[in-house]
Amino acid sequence: MALRGLAPIVAPLVGGVAASGSGSWRAAFWVLACATALVLTLACFTVLESLPAEHRQRTGSQTRVKAQGATPEAFAKELSERKALKKQYAELRQYCADIEERLRISAAAINLLALENAAHASHDPQAQVIPLPRTVKGRIRRPGPADR
């Protein structure tokens with residue numbers, strides 16, 4: 001406690017002596033850097049660990065697995081299950097991409113049928129045009145009021 005009260009009184013005096021002795025205001029910062037290095041060195045060698053060794057926790061995946069009561073065999077099983085899930089996920093993504101491609105092809109076929117239907121109706125005024133769904137950027141949309 002005494003140091004906290006004494007430091008604001010002594011610090012300007014030490015800074016003034018350092019600055020007047022060297023002729024430069026930068027000397028005060030060098031004194032401060034040296035004092036910091038001294039305090040840090042003393043703290044590293046004199047301050048002891050306050051947490052008992054039996055309560056300390058290590059970090060890392062193997063430590064976490066042991067803390068959960070798992071064995072290395074269970075850890076290996078977990079990894080193989082994750083690899084299997086990744087493989088299934090990749091297969092599912094590929095399946096969805098295939099379905100999406102099929103839908104694009106179907107939409108293109110529907111557009112082609114609509115064009116053929118319109119071309120047929122333009123040659124025969126009595127023919128009835130069947131409204132087919134149109135696509136917007138490869139996606140099928142329902143015919144709206146503007147399509148009728």
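**Close-up views of a predicted model**

**View 1. Arg56 is partly exposed, with a relative accessible area of 44%.** The structure in this and every other view is a predicted model. Arg56 is found in a loop, namely the one that lies between helix H2, residues 26-46, and helix H3, residues 61-67. When residues up to four places away in sequence are left out of the count, Arg56 touches Glu49 and Leu51. Because buried means under 20% relative accessible area and exposed means over 50%, with partly exposed in between, the 44% of Arg56 places this residue in the partly exposed class.

**View 2. The whole chain, shown for orientation, contains 4 helices and 2 strands.** Read from the N terminus on, the elements follow the order α-α-α-α-β-β. The chain has 148 residues, and buried residues make up 5% of them. The accessible surface of the chain comes to about 13500 Å², and 63% of that surface belongs to carbon and sulfur atoms. Among the contacts in the chain with a separation of 6 or more, 16% are between residues 24 or more positions apart.

**View 3. Leu6, Ile9, Val10, Leu13, Val14 and Val31 make a nonpolar surface patch of about 500 Å².** Which helix supplies the largest share of the nonpolar patch? That share, 5 residues, comes from helix H1, which covers residues 2-22. One of the patch residues, Val14, is found in helix H1. Val14 counts as partly exposed, since its relative accessibility is 40%, and a residue needs over 30% relative accessible area to be taken into a patch. Another member of the patch is Val31. Val14 and Val31 are 17 residues apart in sequence, while in space their C-alpha atoms are 8.6 Å apart.

**View 4. Helix H2 is hardly covered, for the count of buried residues among its 21 residues is 1.** From its first C-alpha to its last, H2 reaches 31 Å, which is close to the 30 Å expected for a helix of 21 residues at 1.5 Å a residue.

**View 5. A search of the whole structure finds 1 aromatic pair.** The two partners are Trp25 and Phe29, whose rings form an edge-to-face pair with 5.9 Å centre to centre and 85 degrees between the planes. A pair of aromatic rings is described by the distance of the centres and the angle of the planes. Because planes over 60 degrees apart count as edge-to-face, the 85 degrees between the rings of Trp25 and Phe29 gives their pair this description. Are these two residues, Trp25 and Phe29, buried or exposed? Both Trp25 and Phe29 are exposed.

**View 6. Glu78 and Arg82 meet through their side chains in a salt bridge, with 3.3 Å from N to O.** By the rule used here, the count of salt bridges comes to 3. Glu78 and Arg82 are 4 residues apart in helix H4, residues 72-123, and are therefore separated by about one helical turn. An α-helix has 3.6 residues a turn, so residues three or four places apart point the same way. The two partners fall into separate exposure classes: Glu78 is partly exposed, with a relative accessible area of 36%, whereas Arg82 is exposed, with a relative accessible area of 52%.

**View 7. Glu100, Glu101 and Arg104 are linked in a network of salt bridges.** In one of the links, Glu100 forms a salt bridge with Arg104, and the closest N and O atoms of this pair are 2.8 Å apart. In another, the side chains of Glu101 and Arg104 meet in a salt bridge with 3.7 Å from N to O. Glu100 and Arg104 both lie in helix H4, where they are 4 residues apart, about one turn of the helix. Glu101 and Arg104 are 3 residues apart in helix H4, so they too are separated by about one helical turn. Each member of the network can also be described by its exposure: Glu100 is partly exposed, with a relative accessible area of 39%, Glu101 is partly exposed, with a relative accessible area of 40%, and Arg104 is partly exposed, with a relative accessible area of 42%.

How values were computed:
Residues are numbered from 1 along each chain as its sequence is written. This is a predicted model: local features need pLDDT of at least 70, side-chain atom pairs count only at pLDDT 80 or more; totals for chains, interfaces and linings use all residues. Side-chain values use heavy atoms; hydrogens and water are left out. Patches are made of residues with over 30% relative accessible area and no salt bridge: like charges are joined within 9 Å, nonpolar side chains (Val, Leu, Ile, Met, Phe, Trp, Tyr) within 5 Å. Accessible areas come from the Shrake-Rupley method with a 1.4 Å probe; for residues, only the protein chains shown count as cover. A salt bridge is a side-chain nitrogen of Lys or Arg within 4 Å of a carboxyl oxygen of Asp or Glu. Buried means under 20% relative accessible area, exposed over 50%, partly exposed in between (1.4 Å probe, protein chains only). Contact means heavy atoms within 4.5 Å. Rings of Phe, Tyr and Trp (its six-membered ring) pair if their centres lie within 6.5 Å; planes under 30 degrees apart count as stacked, over 60 as edge-to-face and the rest as tilted. The expected span of a helix is 1.5 Å times one less than its number of residues.
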